[in-house]
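Dear colleague,

I am handing over the structure we spoke about, and below it you will find a summary of what turned up when I went through it. Please keep the sequence and the model open beside this message as you read.

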Amino acid sequence: MPEAQRIHDHPDARVVSARQELMEICAHATEAELTSAIDALDPRPEATDIRPAETGLVMLRGRIGGSGAPFNFGEATVTRAAVRLGTGETGFSYLLGRSKTRARLAAVLEAAGQRPEYRRSIVQHLVRPVAERLESERRATREEAEATRVEFFTLVRGED
Amino acid sequence: MYVAVKGGESAIAAAHTLLAKERRGDPAVPELTTEQIREQLTLAVDRVMSEGSLYDRDLAALAIKQARGDLIEAIFLVRAYRSTLPRFGYAEPIETSAMTIRRRISATFKDLPGGQVLGPTFDYTHRLLDDSLNGGAAGTPSSPARKPVSEDAKVPHVADLLGHQGLIEPNPETESAAPVGDLTRDPLSFPAERDLRLQSLARGDEGLLLALGYSTQRGYGRTHPFAGEIRLGEVEVHLAPEELGFEVPLGTITVTECEMVNQFKGSAESPPQFTRGYGLAFGHCERKTMSMALVDRALRARELGEEIVAPAQDEEFVLSHADNVQATGFVEHLKLPHYVDFQAELQLVRQMRREWEDAQRKEAAE
């Protein structure tokens, strides 16, 4: 039974959260990072398309007042792909933007990530370097913002 | 009435070739790349994404280039493109309280948890033209200062601080499984609820919203606003595709959010407390979100039992005219051939004129 189907029928929180973590890394990875992670897989997985990469729209939602009921905010381009490995695992990807190459690579990695023998390679060549890059970028963003933190003082105006 | 016309193919083709030449400008000046637009005209890109209602920086940059910098034309191009794509689904609502903050200010509290962070702002600049940007020789700007931050310092919404004391109305809660209005699926009808109004305002024309927001400040539907909070930064987007049965992270988007805090007298049922207006837009669109929050609050007149006396409180007026693609379509269609229609009018005026002249002559004779 395909992995996705199995999860759907018998939700296993740990399996799902492991897949989500890898999907999150893939969503932030560049094409070059995804390519080098695939190149590092040994043996290189054979993947066939269940659904060739295609670009569409996802309607994004906000919350009224920032925390209330949802409203439709505007759409984003999203590209998705689904593949099946020769060993039977299915891999999915949904990524912001229109890169079909990235979507296909991410779907292959998502499927490969379900096979224990690939886990170490994926962590070493994708998860760790991308997480480190993201952390350093986020830190830079936050530290640059922090340097613009302002302390305002109120002054008494008028004669008395 | 517009009546279809035929002919003019070669003139139209020549006009489009001429347009391409004008778009390119002086060939001695290097051609602008879409990457340059995406990276250096970021606020134009943000406006096109917001009002085009499509988050895609590269497409917005391309549209701006193709439209020769005419942002409404660029928004039109983006809207036309989006209509060619299938819809994969609806994302989970973004959580702006979990934003990676680049800018966050409040005009209501001087000292507040998370602090006042100016970020990349035009505020406090002197608005003097900077000659050093001339000629493309400005080079790389000096790297911005950095200051260490404490890990995961929470930055709560300002309105929540008031909310804990019951001094501001709570946000409307989700009724689980309540449908969320979508004006890209069903045409807008009135009265429109707040979810639809916010969707319409989020894609609405910045100029219209600015003018309407301003009109409320000048007394046409006054709401006593304070900028409770404006925040800019990145949020994660998640989608739960049916085929997977769990949420998938799609990546991050940049948004600007504005929470206005407005006065309200209270009534027999509700104690005196502040009310809210809300603005949210793609990218860095501060003027847009502030205007949106003002207009959102003004449009709550019906819900809050306020007398509807001003344009900004009239939802049919505001929402029917907020979309600049619709507006420009109807205004600009006037330049298309109306020959038949006009001939009919011309005939009518000539006939009325003859009758008027006959009457004049008769009167003079009597």
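A residue is called buried here when its relative accessible area is under 20%. With that cut-off, helix α7 of chain B, residues 194–202, is mostly covered, since nine of its nine residues are buried. The buried residues of α7(B) include charged side chains by name, among them B:R194, B:D195 and B:R197, and they also include B:L196, B:L198 and B:L201. Please bear in mind throughout that this is a predicted model.

Chain B as a whole

The secondary structure of chain B comes to 13 helices and seven strands, and its C-alpha atoms fill a box of roughly 90 × 65 × 55 Å along the principal axes. Of the 366 residues in chain B, 41% are buried. Where contacts in chain B with a separation of 6 or more are considered, 65% of them join residues that lie 24 or more positions apart.

Two buried positions in chain B

The first position to look at is B:V48, which is found in helix α3 of chain B, residues 42–52. Because its relative accessible area is 0%, B:V48 counts as buried. Once the neighbours within four places in sequence are left aside, B:V48 is in contact with B:S53, B:A60, B:I64, B:L71, B:A74, B:I75 and B:V78. By way of contrast, B:K6 is 42 residues from B:V48 in sequence, and the C-alpha atoms of the two are 33 Å apart in space.

The other position is B:Q313, in the loop between α10 (301–304) and α11 (315–321) of chain B. Although it sits in a loop, B:Q313 has a relative accessibility of 7% and therefore counts as buried. A polar atom of the side chain of B:Q313 lies 2.8 Å from the backbone nitrogen of B:V309. Beyond its neighbours within four places in sequence, B:Q313 is in contact with B:G221, B:A298, B:L299, B:A301, B:E307 and B:I308.

Where chain A meets chain B

In the interface, 59 residues of chain A are in contact with 81 residues of chain B. The area buried between the two chains is about 6400 Å², and carbon and sulfur atoms give 61% of that area. Seven salt bridges are found across the interface of chain A and chain B, one of which joins A:R51 to B:E243, with the closest N and O atoms 3.0 Å apart. Across this interface there are also 28 residue pairs in polar contact, counting pairs in which both residues are at pLDDT 80 or more.

On the side of chain A that touches chain B, at least two residues each come from α1 (3–9), α2 (13–28), β1 (47–63), β2 (70–85), β3 (90–96), α5 (116–146) and β4 (149–150) of chain A. Of the elements of chain A, β1(A) gives the most to that side, with 11 residues. Sorted by class, the side of chain A that touches chain B has 26 nonpolar, 16 polar and 17 charged residues.

The two chains also meet through strand pairing, for β4(A) and strand β4 of chain B, residues 116–117, pair in the antiparallel sense over two bridges. Within that pairing, the bridge partner of A:V150 in β4(B) is B:Q116.

With kind regards

Terms used
Residues numbered from 1 in each chain as written. Chains lettered and ligands numbered in written order. Predicted model: local features only at pLDDT ≥ 70, side-chain atom pairs only at ≥ 80, totals over all residues. Heavy atoms only, no water. Helix = DSSP H or I, 4+ residues; strand = E, 2+ residues; numbered from the N terminus. Buried < 20%, exposed > 50% of the residue type's maximum accessible area, 1.4 Å probe, protein only. Polar contact = N/O pair within 3.5 Å; in protein donor to acceptor, adjacent residues only side chain to side chain. Contact = heavy atoms within 4.5 Å. Buried area = accessible area lost by both parts, 1.4 Å probe. Salt bridge = Lys/Arg side-chain N within 4 Å of Asp/Glu carboxyl O. Nonpolar A, V, L, I, M, F, W, Y, C, P; charged D, E, K, R; others polar. Pairing = 2+ DSSP bridges.
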